[in-house]
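User: I've got this model open and want to check some of the labels people put on it. Can you walk me through them?

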Amino acid sequence: MASATGHAALMDEVYRGQRHIYDLTRKYYLFGRDTLIAGLDAQPGMRVLEIACGTGRNLAKIGKAWPGVKLYGLDISAEMLKNARATLGAEARLVEGDACAFDAPALLGEPAFERVVLSYSLSMIPDWEGAFAHAARHLAPGGELHVVDFGDLGGVPGPLRRLLHAWLAKFHVAARSTLPQVAARQASEHGLTLTSQRGGLGYFQLHVLRAG
């Protein structure tokens, strides 16, 4: 398993150049992100944390879609956070940290959040199940964890599916085929309710875990 330091260095290497074109290129294949944002139902004053926030694209859209929320972002890549800070300025509290082991009170000044978002990040995190569990631990009472990532791609023709998997691997991305089972287990272990959605052709999967 890659160390947090090693993974941070790898992500910085991957995104040092790509961060300048990331949002322009990813809009063509990271589907389901705006569906997630539209379903947040985040009210003014709610604390919204995106783990692995990247360029800040999602946080900026969340701020526009749900005015009055308090935005927080964490990412292991210092390079990506350069973009996020340029995009969001003082609108969000942004910090560098490991999705699997961050100390929320120390880094973000908050112990828990009403909304936590994982958007196309689990497919890039080596210990993705650990990151999922750590995210679930940071839900405030009545809070929700929203997760979107690559699905089973079952409706995509085989040759195209294999090509997509091979291309994603070049960026250290791997679809998590057992994500539905892990989401169900996390919901059970943390006493959360789970609702799930499968995107067209199985391209993306969206899971929402709600605390009572």
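User: Why is Ser123 called buried or exposed?

Analyst: Quick caveat: this is a predicted model, so local features need pLDDT of at least 70, side-chain atom pairs count only at pLDDT 80 or more, and totals for chains, interfaces and linings use all residues. Residues are numbered from 1 along each chain as its sequence is written, and side-chain values use heavy atoms, leaving out hydrogens and water. Now, buried means under 20% relative accessible area (exposed is over 50%, partly exposed in between; 1.4 Å probe, protein chains only). Ser123 comes in at 1%, so buried it is.

User: Where does Ser123 sit, and what does Ser123 touch?

Analyst: Ser123 is in the loop between strand E4 (113-119) and helix H7 (128-136). Helices (H or I, at least four residues) and strands (E, at least two) are DSSP runs, numbered from the N terminus. Leaving aside residues up to four places away in sequence, Ser123 has contacts that include Asp149, Phe150 and His172; contact means heavy atoms within 4.5 Å.

User: What makes E6 and E7 a pair?

Analyst: Pairing takes at least two DSSP bridges between two strands. Strands E6 (residues 192-198) and E7 (residues 204-211) have seven, in the antiparallel sense, so they pair. One of the partnerships joins Ser196 to His207 in E7.

User: Which residues have the most contacts inside the largest nonpolar core?

Analyst: Ile62 and Leu94, in a core of 33 residues. A nonpolar core is a set of buried Ala, Val, Leu, Ile, Met, Phe, Trp, Tyr and Cys residues joined through side-chain atoms within 4.5 Å. There's also a second, separate core of 29 residues, including Trp128 and Phe132.
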